[in-house]
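Open the model in your viewer and keep the selection tool at hand. This tour goes stop by stop.

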Amino acid sequence: MNIIVCIKQVPDTEHLHEVSINPENNTLNRTGIPSIINPFDSNAVEEALRIKEKLGGKVTVITMGPPQAENALRETLAMGADEAILLSDIKLAGSDTLATSVALTRAIEVIGDYDLILFGKQAIDGDTAQVGPEVSELLAIPLITYARRIEILDGKIKVERVLEEGYEVLEAGLPCAVTVTKEINEPRFASMRGILKARKQEILHWNLEKLRLKEEEVGLKGSPTQVIRIFSPPPRPRGEIIEGENTEEKVAGLLAKLKSHRII
Amino acid sequence: MDFELNEEQQLMLEEVKKVCSEKIAPQAEQVEKEGRFPRETLMLLASMDLFGLVIPEEYGGLDMGFLTWSVIAEEISKACATTGLSFGANILCIYPIMAFGNEEQKKKYLTRLAKDSIGAFGLTEPGAGSDAGSVKTQAVKKNGKYYLTGRKIFITNGGEADVYVIIASTDPSRGARGLSAFIVEKDAPGFTIGQHFDKMGFRGLPNVELVLEDCEIPEENLLRREGAGFKVAMETFAAGRIGVGIGALGVAQRALEEAVKYSRERVQFEKPISSFQAVQHLLADMATEIEAARLLLYKAAWLKDQGKPFEKVASMGKYYASRVAMDSTVKAVQIFGGYGYTTDYPVERLMREAKLFEIIEGTSEIQKNIIALKVLKEYK
Ligand SMILES: Cc1cc2nc3c(=O)[nH]c(=O)nc-3n(C[C@H](O)[C@H](O)[C@H](O)COP(=O)(O)OP(=O)(O)OC[C@H]3O[C@@H](n4cnc5c(N)ncnc54)[C@H](O)[C@@H]3O)c2cc1C
Ligand SMILES: Cc1cc2nc3c(=O)[nH]c(=O)nc-3n(C[C@H](O)[C@H](O)[C@H](O)COP(=O)(O)OP(=O)(O)OC[C@H]3O[C@@H](n4cnc5c(N)ncnc54)[C@H](O)[C@@H]3O)c2cc1C
């Protein structure tokens with residue numbers, strides 16, 4: 001099994017509130033905020049490692065991002081991934097989900113030999129949950145989203161897919177793209193040996209030339225999405241607590257409120 | 001001279017901090033209140049290769065030395081002193097085999113201890129504590145086997161450990177020079193666990209009586225040679241003092257961090273108590289003494305890693321760090337006021353834990369004896 005995992009480096013959740021919006025150019029200001037691997041992507045890496053440990057093969061991790069995204073890749077090497085590739089080129093900057101997906105797809109095509117591609121269910125910053133589906137579309141391979149369990153049997157993949165209430169079991173042929181949820185596993189801590197090994201391992205840097213992409217296919221130019229305005233949602237007003245002497249009084253108060261708003 | 005951790009140490013420490021905050025610290029209170037041995041967290045540390053930190057690579061370890069071990073063990077002790085001391089007691093089993101074992105013994109036991117076997121060291125007996133040379137447990141050789149008979153008490157990790165190094169006498173007429181060290185496996189015939197000691201703190205840490213009744217062990221499990229036991233014990237204690245000192249340091253550092261946090265949050269007289277100079281001075285003393293203790297212990301570990309004489313500085317570090325742990329935890333309880341005396345906050349536990357470090361691995365009095373002896377020789 002050759003497995004490719006796409007990971008994204010995101011601002012640390014504990015510092016997420018420090019990310020500010022630059023209203024001038026509608027971009028996010030993340031300077032000085034520590035980065036982590038998108039949490040769902042750690043689950044994807046863990047799942048890839050578990051499948052490899054069971055069935056053999058190779059785990060390759062890719063990210064598209066600035067040079068410091070190397071740190072995220074090195075963390076996955078320390079966990080046990082075999083190879084890491086950083087798609088980094090100034091011309092990739094400003095990519096929307098489509099342009100990101102185009103670059104990732106091309107990288108996957110350059111790697112060539114793959115059975116399974118894993119993604120997180122969504123990035124905790126961009127939050128669109130579009131990249132996995134778009135890559136599978138561009139590669140024209142089956143896609144299963146929101147996996148909470150993956151099983152590989154005789155060249156096929158069986159996945160439990162989380163639904164609002166319960167889950168469904170889906171099967172697909174390989175190669176296949178899967179996006180994973182938190183429930184699927186608990187990512188391991190890196191071993192010391194892994195950390196020491198990862199420190200010396202080479203991380204491949206691929207630019208547009210290596211990806212055989214034209215400038216206009218990616219980056220700002222290759223991004224049909226235009227961010228018109230970006231803003232923080234207004235804080236939700238506090239809820240109202242209906243007071244009363246006893247339960248009956250409170251229920252009566254609630255009913256009156258609902259009726260007055262013509263909700264019931 | 002360079003006081004900076006190298007890049008490898010920093011990266012390792014970062015991951016250890018992560019496992020400490022996510023897995024080890026959250027269960028510390030429970031370990032204490034339920035008196036539960038934290039086996040899962042120890043196995044988690046083992047899965048991260050941390051059992052083998054000082055063990056040579058050829059026996060499955062990482063050969064990173066005692067300084068790196070110290071940096072990491074402080075973090076573990078800070079998160080959960082019980083996990084830290086159990087982790088530290090492994091060294092008391094690893095070290096004598098590393099330093100005195102032959103090739104066969106190292107291959108057989110160090111590879112296991114580097115992976116996930118828990119170790120223990122048994123010297124103390126009802127009649128032999130500070131006076132370590134007065135061990136009464138006897139080892140008799142018959143038909144290529146040794147038979148050990150006697151009782152060991154207070155043994156850390158006892159009952160949970162897979163491998164024990166035990167000190168016994170092969171020649172009672174020679175006193176301390178008649179002592180020998182043996183490797184004993186947990187399922188050796190005639191080896192059982194007796195009394196569990198109920199303690200002031202470290203209630204999740206097993207400290208038990210080992211009962212040896214004609215405990216049969218193969219002759220090849222003798223370390224070095226008959227009569228080397230006292231030397232094995234003294235060198236093991238010397239190395240172990242770095243470990244115990246680091247355990248104390250972790251407890252002291254935790255007390256400081258808890259005290260700083262609380263003093264900023266607690267408001268009296270309309271001000272956080274951290275704004276009162278009397279409280280600030282307590283924090284300043286704690287921070288200063290902790291830093292000094294850390295430097296002493298790091299120096300001892302560094303000397304050891306360089307193959308230089310380290311015993312004096314290790315005794316200083318252990319003596320000083322355990323005193324600092326005691327003083328700092330008392331100060332922390334003071335800063336917490338009445339809440340500090342309740343079991344709702346961790347500082348009362350830290351205070352109970354701190355006391356142990358002044359007793360084990362040679363009491364503070366014994367450390368001062370050792371230091372004085374060295375000093376009197378050094379400057380004569
Ligand atoms: C309104 C808006 C404004 C934005 N503004 C900025 C900005 O100012 N600055 C900026 O840098 N970016 C910005 N982007 C971010 C960028 O366009 C997206 O982050 C990126 O295309 C991925 O989308 P997502 O974060 O929603 O990921 P999702 O589609 O939610 O991610 C799903 C999964 O896809 C994979 N994946 C996602 N991104 C990558 C990647 N880069 N490499 C490898 N795998 C990946 C991961 O497995 C991830 O779990 C913005 C995006 C939006 C929608
Ligand atoms: C929780 C715990 C864990 C332990 N773990 C282990 C273990 O894993 N393995 C092991 O072998 N042992 C272990 N011990 C035993 C420990 O090392 C001894 O308790 C310690 O060495 C002191 O011995 P003692 O208790 O017999 O005290 P004693 O030797 O009786 O000392 C009593 C008092 O007399 C003082 N004193 C004694 N001799 C002198 C002297 N010459 N000069 C000045 N003062 C002196 C001491 O400092 C002390 O204050 C453990 C003990 C505890 C409580």
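The stops below run from chain B and its ligand to chain A and its ligand, then to some backbone details.

**Stop 1: chain B as a whole**

Keep in mind that this is a predicted model. Select chain B and show it as a cartoon. You should find eleven helices and nine strands. Turn the chain around: its C-alpha trace spans about 80 × 50 × 40 Å along the principal axes. How does the radius of gyration of chain B agree with that of a compact globule? For 380 residues such a globule would have a value near 21 Å, and chain B has 21 Å, so the two agree.

Now colour chain B by burial. Of its 380 residues, 56% are buried. Switch to a surface view. The accessible surface comes to about 16600 Å². Carbon and sulfur atoms hold 52% of that surface. Contacts tell of the fold too. Among those in chain B with a separation of 6 or more, 74% join residues 24 or more positions apart.

**Stop 2: ligand 2**

Centre on ligand 2 and show what lies around it. The shell has 19 residues. The closest are Thr124(B), Ser130(B), Thr156(B), Thr363(B) and Glu365(B). By class, eight of the shell residues are nonpolar, eight polar and three charged.

Next, pick out the polar contacts.

- Phe121(B): a backbone N or O atom is 2.8 Å from a nitrogen atom of ligand 2.
- Leu123(B): a backbone N or O atom is 2.9 Å from an oxygen atom of ligand 2.
- Asn369(B): here the side chain takes part, with an N or O atom 3.4 Å from a nitrogen atom of ligand 2.

On its own, ligand 2 has 960 Å² of accessible area, and the protein covers 65% of it. Which elements give two or more residues to this shell? Select strand S1 (119-122), strand S3 (145-156) and helix H11 (364-378) of chain B to see them.

**Stop 3: ligand 1**

Move to ligand 1, which 28 residues surround. Cys6(A), Lys8(A), Asp41(A), Thr128(A) and Ala129(A) are the closest. The shell has eleven nonpolar, eleven polar and six charged residues.

Show the backbone atoms here.

- Met64(A): a polar backbone atom lies 2.9 Å from a nitrogen atom of ligand 1.
- Asp96(A): a polar backbone atom lies 3.4 Å from an oxygen atom of ligand 1.
- Val131(A): a backbone N or O atom lies 2.8 Å from an oxygen atom of ligand 1.

How much of ligand 1 does the protein bury? Taken alone the ligand exposes 930 Å², and 81% of that is buried by the protein. In chain A, strand S4 (27-29), strand S6 (58-64), helix H3 (97-111) and strand S8 (116-120) each give two or more residues to the shell.

**Stop 4: backbone details in chain A**

Stay with Ala129(A), one of the closest residues to ligand 1. Its phi is positive, about 60 degrees, although the residue is not a glycine. Ala129(A) sits in the loop between S8 and helix H4 (131-139) of chain A. Is this residue buried or exposed? Its relative accessibility is 27%, so Ala129(A) counts as partly exposed.

Go on to Arg262(A), in the segment after helix H7 (247-260) of chain A. Arg262(A) also has a positive phi, about 55 degrees, without being a glycine. At 76% relative accessibility, Arg262(A) counts as exposed.

End at Pro175(A), in the loop between strand S11 (167-173) and strand S12 (176-180) of chain A. Look at the peptide bond from Leu174(A) to Pro175(A): it is cis, with omega near -5 degrees.

Methods. Residues are numbered from 1 along each chain as its sequence is written. Chains are lettered from A and ligands numbered from 1 in the order in which they are written. This is a predicted model: local features need pLDDT of at least 70, side-chain atom pairs count only at pLDDT 80 or more; totals for chains, interfaces and linings use all residues. Side-chain values use heavy atoms; hydrogens and water are left out. A residue is near a molecule or strand if one of its heavy atoms lies within 4 Å of it. A polar contact is a pair of N or O atoms within 3.5 Å; within protein, one must be able to donate a hydrogen and the other to accept it, and residues adjacent in sequence count only if both atoms are side-chain atoms. Accessible areas come from the Shrake-Rupley method with a 1.4 Å probe; for residues, only the protein chains shown count as cover. Helices (H or I, at least four residues) and strands (E, at least two) are DSSP runs, numbered from the N terminus. Ala, Val, Leu, Ile, Met, Phe, Trp, Tyr, Cys and Pro count as nonpolar, Asp, Glu, Lys and Arg as charged, and the others, Gly among them, as polar. The radius of gyration is taken over C-alpha atoms; the globule rule is 2.2 Å times the number of residues to the power 0.38. Buried means under 20% relative accessible area, exposed over 50%, partly exposed in between (1.4 Å probe, protein chains only). Contact means heavy atoms within 4.5 Å.
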